[in-house]
There are 2 protein chains.
Amino acid sequence: MNYPAGTAYIDGAFVPMSEAKISVLDWGFLHSDATYDVVHVWKGRFFRLDSHIERFLRSADRLRLTLPVSPGELARILAECVARSGFQDAYVEMVLTRGASPTFSRDLRDARHQLICFAIPFGWILRPEQREAGLSIVLSDIRRIPPDSVDPTVKNYHWLDFVMGLYDAYDRGAQSAVLTDAGGNLAEGPGFNIFTVRQGRIATPDRGVLRGVTRQTAIALAAELGFPLEERLVAAAEALAADEVFVTSTAGGIMPVTRINAAAVGAGRMGPVTRALLEAYWARHDDPAWSTSVDEVLSGNLAG
Amino acid sequence: MNYPAGTAYIDGAFVPMSEAKISVLDWGFLHSDATYDVVHVWKGRFFRLDSHIERFLRSADRLRLTLPVSPGELARILAECVARSGFQDAYVEMVLTRGASPTFSRDLRDARHQLICFAIPFGWILRPEQREAGLSIVLSDIRRIPPDSVDPTVKNYHWLDFVMGLYDAYDRGAQSAVLTDAGGNLAEGPGFNIFTVRQGRIATPDRGVLRGVTRQTAIALAAELGFPLEERLVAAAEALAADEVFVTSTAGGIMPVTRINAAAVGAGRMGPVTRALLEAYWARHDDPAWSTSVDEVLSGNLAG
């Protein structure tokens with residue numbers, strides 16, 4: 001296996017990515033019993049780090065997992081991973097796993113939870129040079145794992161529905177997939193939330209989805225820019241009839257979808273609402289209200 | 001972290017369990033994009049190894065994963081893990097993960113699949129000395145991940161519904177949980193299938209569940225012993241009204257459930273149907289039709 005550049009924090013030590021390995025007996029692997037979050041660094045600044053750490057702590061709490069460090073220490077560990085890697089732009093992941101029991105008990109309450117953090121090069125669902133062309137997706141018949149099985153607001157690694165959706169997309173010549181719920185409403189895609197735009201009005205699913213930080217950012221930016229936006233059930237048919245569709249993810253920000261099920265969305269190119277939000281999103285990356293420099297976090301000048 | 005005795009096969013080499021580690025970038029961890037199977041060895045003999053390998057291959061195929069070795073080589077690798085560990089009784093797991101792409105592409109088709117095998121000491125959901133007392137379980141309101149999201153016949157690590165069910169059980173003073181489907185029917189528990197017995201008739205859910213090898217074994221033994229058995233939808237209420245309830249798992253075989261939601265099942269102790277099946281199950285562990293010695297597998301005298 002090849003490994004990307006980057007630095008991980010695991011078993012209490014900082015190591016290169018080639019040495020960032022977990023035991024196959026960790027329940028984070030064997031039962032996908034873990035939660036995670038991903039924050040990005042752009043031009044030396046974390047984007048909305050507090051929001052990501054806050055969600056990570058809430059997810060851990062829901063899964064009865066206990067972070068072995070304080071939120072402030074976590075922030076410094078993440079910053080140290082970035083600083084040691086020398087990255088200006090980075091994709092920074094924090095993971096908390098159930099771990100395992102020192103006595104090999106099957107009782108989950110005996111497990112010692114494990115924190116793993118790592119910084120790797122920034123990853124894109126859609127690269128900047130592909131933005132004008134936009135993403136081609138399919139609406140898959142595979143149902144997103146429903147909220148009464150696994151709480152989607154707890155960021156988790158249960159991706160086999162997405163994986164099957166991705167193969168469905170590949171088989172149909174598309175790049176990615178959006179899954180639906182049992183009622184035929186839009187849910188989410190592998191690592192992203194979806195938005196539709198019709199006659200200047202934006203809509204995004206309000207249930208069965210992760211409250212993505214980029215999703216919340218897009219909602220805030222829409223309000224600032226004066227675009228009406230509703231969080232509600234969104235029928236899959238609305239995506240097919242939309243003027244514009246876009247997706248949001250830490251892995252690339254706000255990204256236009258220009259083809260769904262092989263048909264053009266609206267004019268088949270990035271629309272004006274998507275473009276305005278995308279530009280506002282990137283413009284806010286040095287705003288101190290939403291970003292913090294890696295150096296500042298390292299020096300400990302962060303709440304928590 | 002402590003590690004149990006045992007031997008793993010990973011990256012093409014045999015190592016002690018303390019060195020059996022996978023990259024945190026393997027999609028088997030990051031997306032739980034993997035399938036697995038567990039076979040046990042009892043008194044030096046694999047039990048139904050062919051059935052486990054056959055299911056593992058079918059699961060891999062459904063997930064578009066390719067085993068990097070032949071089925072016969074896989075069997076020999078598993079046997080070698082057991083032989084190197086010196087175990088007479090063992091829990092032997094085979095895992096196939098999506099791996100990662102050597103170029104860090106997000107396209108799943110670029111990934112190199114990883115085979116991991118390991119033998120550790122035999123694990124029990126219910127130890128033999130606890131059998132007469134039986135298991136205490138709860139019927140949880142958490143829904144098992146439905147088949148239209150993730151195919152339950154593809155053995156997978158998506159256990160957060162089970163994990164939340166287990167905490168539900170702990171909170172209510174029980175040892176384990178059985179999840180239900182959206183219609184209030186029994187599904188399965190963490191690592192086991194469930195059966196009910198009422199007036200000598202056995203029932204077990206026919207959908208939304210793994211076709212466990214121990215489940216299939218119990219069904220075959222029921223036929224041999226002349227117990228009528230139906231695979232069908234089983235309402236949760238039927239478990240509460242049953243004379244006997246038992247569960248089946250590679251991790252312990254056939255095991256009685258004597259309390260559900262804190263109430264006694266039937267007489268509150270192991271019943272005659274469960275006992276007959278349990279005894280028949282263990283009696284068949286040296287039957288050459290269902291078992292193969294580790295030495296025989298090592299010497300290559302196995303089909304495939």
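One good place to start is a salt bridge: the side chains of B:Arg64 and A:Asp171 meet there, with 2.4 Å from N to O. The model you are looking at is predicted. Welcome to the structure; the points below go from the contact between the chains to the sheets inside them, and then to a few single residues.

**Charged and polar links between the chains**

- The salt bridge of B:Arg64 with A:Asp171 belongs to a count of 2 salt bridges between chain A and chain B.
- As background, side chains of opposite charge can pair when their charged atoms come close.
- Polar contacts join the two chains as well: 24 residue pairs are counted between chain A and chain B, with both residues at pLDDT 80 or more.
- On the side of chain A that touches chain B, at least two residues each come from β3 (21-23), α1 (27-30), β6 (90-100), β7 (112-121), β8 (135-143) and α4 (160-171) of chain A.
- Which element gives the most to that side of chain A? The answer is α4(A), with 8 residues.
- Sorted by kind, the residues of chain A that touch chain B are 36 nonpolar, 10 polar and 16 charged.

**How much the two chains bury**

- Chain A brings 62 residues to the contact, and chain B brings 62 residues.
- About 5600 Å² is buried between chain A and chain B, and carbon and sulfur atoms give 68% of this area.
- Within chain A, the residues that lose the most area to chain B are A:Phe29, A:Arg106 and A:Leu160, which together make up 13% of what that side buries.

**A strand pair across the contact**

- You can also follow strands from one chain to the other: β3(A) pairs with strand β3 (residues 21-23) of chain B in the antiparallel sense, over 3 bridges.
- Within this region, look for A:Lys21, which stands opposite B:Ser23 in β3(B).

**The sheet of chain A**

- Chain A has an open sheet of 7 strands in the order β2-β1-β7-β6-β4-β5-β16, with antiparallel pairing.
- Why is one side of β2 (13-16) and of β16 (291-293) of chain A left without a neighbour in the sheet? Both strands stand at the edges and each has a single partner strand, so one side of each stays free of a neighbour there.
- From one strand to the next, the twist averages 25°.
- At one end of the strand order, strand β1 (residues 7-10) of chain A pairs with β2(A) in the antiparallel sense over 4 bridges.
- In that pairing, A:Tyr9 has A:Phe14 in β2(A) as its bridge partner.
- Helix α2 (residues 49-62) of chain A packs on the sheet and touches β4 (34-42), β5 (45-47), β6 and β7 of chain A, and the direction of the helix makes about 175° with that of β4(A).

**The sheet of chain B**

- In chain B, an open sheet of 7 strands has the order β2-β1-β7-β6-β4-β5-β16, and its pairing is antiparallel.
- The edges are taken by β2 and β16 (291-293) of chain B, each with a single partner strand, so one side of each has no neighbour in the sheet.
- Neighbouring strands of this sheet are turned by 25° against each other on average, direction ignored.
- Strand β1 (residues 7-10) and strand β2 (residues 13-16) of chain B pair in the antiparallel sense over 4 bridges.
- Along this pair, B:Thr7 stands opposite B:Pro16, while B:Ile10 has B:Ala13 as its bridge partner.
- The two strands β1(B) and β2(B) form a hairpin with 2 residues between them, and B:Asp11 in the turn has a positive phi of about 50°.

**Links within chain A**

- Over all chains, the structure holds 34 salt bridges.
- One of these joins the side chains of A:Arg284 and A:Glu224, at 2.8 Å from N to O.
- This pair links distant parts of the chain, 60 residues apart: A:Arg284 lies in the loop between α7 (272-283) and β16 of chain A, and A:Glu224 lies in helix α5 (residues 213-225) of chain A.
- A last residue to find is A:Ser85, placed in helix α3 (residues 71-85) of chain A.
- The side chain of A:Ser85 reaches the backbone oxygen of A:Cys81 at 2.6 Å.
- Leaving aside residues up to four places away in sequence, A:Ser85 touches A:Gly6, A:Thr7 and A:Ala119.

Conventions. Residues numbered from 1 in each chain as written. Chains lettered and ligands numbered in written order. Predicted model: local features only at pLDDT ≥ 70, side-chain atom pairs only at ≥ 80, totals over all residues. Heavy atoms only, no water. Contact = heavy atoms within 4.5 Å. Buried area = accessible area lost by both parts, 1.4 Å probe. Salt bridge = Lys/Arg side-chain N within 4 Å of Asp/Glu carboxyl O. Polar contact = N/O pair within 3.5 Å; in protein donor to acceptor, adjacent residues only side chain to side chain. Nonpolar A, V, L, I, M, F, W, Y, C, P; charged D, E, K, R; others polar. Pairing = 2+ DSSP bridges. Axes fitted to C-alpha atoms, helices over the stretch in contact; angles between N-to-C directions.
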